[in-house]
Amino acid sequence: MSLEDQLYPLLESYNALPRWLQSTLGTVYRQLPQTWRYGAPYGEFKKLAIAGETWSIDDLQNYQLKQLRAVLHHAASHCPYYHRSFMRAGFRPENLHNPSDLKDCPLLEKKQLQEHLNEMASTEIQASRRLYITTGGSTGVPVGFYLQKGVSRPKEQAFLEALWRRAGYFDGARLALIRGHVISSRAEGRIASYDATRDWLLLSSYHLTPQRLPDYLETLESFKPDFLHAYPSAALQLAEYLDKSGQSWRCPLRGVLCGSERLTLPQKRLLERVFNCRAYRWYGHSERVVLAGEGAHSELFYFFPQYGFVEFGLPNEEGLREVIGTSFHNLVMPLIRYRTGDYVRLAEPDSLSNLEYPWPAAVDVAGREQEFLISATGRRISLTAFNMHDAVFDDLYAVQFYQDQPGIAEFRYVAGTTFRKSALDRIRQRIHEKLGDDFQITFRDVKEVEKTPRGKHRWLVSKLPQARLNV
């Protein structure tokens with residue numbers, strides 16, 4: 001297991017230390033070899049991510065078939081839920097002779113993760129190797145799942161770095177992040193902290209008001225990052241402020257790394273014009289089933305074939321297809337033919353030779369819009385930044401915010417069968433930590449939350465014009 005995974009339970013204690021001590025310990029930790037910090041699998045996945053870009057189509061298909069057979073056999077033999085599911089469907093992993101044979105395997109829904117979590121976990125791998133994570137993703141449907149300690153996190157780091165290298169990333173690059181970190185729960189609180197373990201500047205996603213944006217710019221210029229790693233909504237607010245105030249960006253950047261929310265091409269062009277560098281887009285999710293990113297010379301989203309196996313649902317009335325994925329390497333809890341709830345518009349090249357990589361490619365990723373709660377003092381809180389990754393929303397089938405006036409919001413929830421009202425105190429505390437002291441939140445138990453015309457759950461129903469960026 002990696003040193004990072006071993007130290008992860010101590011993270012809260014580390015964050016409570018005085019800043020000077022955090023800086024000292026973090027700087028020492030940062031000097032350790034990457035294979036110590038992330039574990040030996042990090043180096044293996046790094047080689048895999050890079051090597052796959054030069055593989056032939058036969059090499060890619062052979063690798064995928066090998067991984068699919070391994071994960072299917074493991075799931076059928078050691079995961080009670082999949083054993084029953086395969087038996088009911090008459091699906092036998094040994095009959096998989098081609099990746100296309102996977103179509104006979106049952107699909108996996110988010111609701112099944114909610115109801116059968118522990119039965120999906122492998123009985124062969126010790127419970128101590130499980131890392132429990134939750135997400136509401138783009139839908140407001142909380143789901144919990146297990147990643148594999150010593151595997152899932154170093155794999156993600158290695159593949160993300162491989163993506164970012166297409167935009168000029170290098171080992172040791174200084175990053176400034178605006179990706180949901182809670183620096184202060186006070187509306188007038190601090191906006192930044194320093195992560196010495198990575199030499200990263202962490203900026204609050206919750207204080208991006210016109211009054212505080214000059215503080216952000218001053219802090220960024222003082223830190224001198226190589227890259228801005230931000231939710232698109234956060235980067236766009238900075239760019240919008242600079243554009244409207246007639247100011248120029250004065251801190252040279254090698255790139256802006258944009259993930260977790262949709263970034264349209266006009267918005268991408270705005271970021272590139274204001275920051276005078278490439279804005280690089282990628283698509284992934286907390287479940288870590290599939291991963292895609294722009295090419296080195298193309299703006300298409302290419303799905304890594306060596307990261308996981310991707311399929312696409314039938315096109316809807318808008319020509320969009322749902323992303324369906326099967327995870328590789330995480331044997332603690334495989335996700336097989338998992339319906340992500342995310343939709344893409346596929347690229348339609350005349351031939352594979354017109355693609356930068358001979359991989360599945362998408363023109364656009366839909367469904368992860370830039371939506372905001374608005375505080376009493378005018379702060380915009382991105383729903384992506386609000387997303388919880390602990391167990392606070394366990395036992396809730398769906399959650400949603402409703403807002404029709406700044407600073408006041410209703411938290412609607414659909415209770416699961418094991419939910420207890422006593423859990424609301426903890427939920428209220430965590431929401432306050434994220435949203436801050438200029439919000440009033442009321443709670444409402446509902447039978448169903450409002451959905452989109454396509455029947456998809458919504459994180460936010462807002463009547464406020466400020467809830468969306470006009471960029």
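Cys105 is buried (under 20% relative accessible area, with a 1.4 Å probe and protein chains only), its own relative accessible area being 2%. The structure is a predicted model, in which local features need pLDDT of at least 70 and side-chain atom pairs count only at pLDDT 80 or more, while totals for chains, interfaces and linings use all residues. Residues are numbered from 1 along each chain as its sequence is written, and side-chain values use heavy atoms, with hydrogens and water left out.

**Cysteines**
- The count of disulfides, defined as pairs of cysteine sulfur atoms within 2.5 Å, is 0.
- Cys105 cannot form such a bond because the closest cysteine sulfur, in Cys79, is 12 Å from its own.
- Cys251 is likewise in no disulfide, the nearest cysteine sulfur, in Cys277, being 10.0 Å away.
- Cys251 is also buried, at 4% relative accessibility.

**Nonpolar cores**
- The largest nonpolar core (buried Ala, Val, Leu, Ile, Met, Phe, Trp, Tyr and Cys residues joined through side-chain atoms within 4.5 Å) has 81 residues, of which Leu72, Tyr82, Leu113, Trp164, Phe303 and Met333 touch the most other members.
- Helix α6 (residues 57-78) contributes the most to this core, with 8 residues.
- A separate core of 56 residues includes Phe223, Ala234, Tyr241 and Ala279.

**Strand pairing**
- Strands β18 (residues 408-415) and β19 (residues 440-445) run parallel and are joined by 6 bridges, where pairing requires at least two DSSP bridges.
- Phe411 is positioned opposite Phe443 of β19.

**Confidence**
- The protein chain has a mean pLDDT (the predictor's confidence in each residue, from 0 to 100) of 90, and 94% of its residues reach 70 or more.

Technical notes. Buried means under 20% relative accessible area, exposed over 50%, partly exposed in between (1.4 Å probe, protein chains only). Helices (H or I, at least four residues) and strands (E, at least two) are DSSP runs, numbered from the N terminus.
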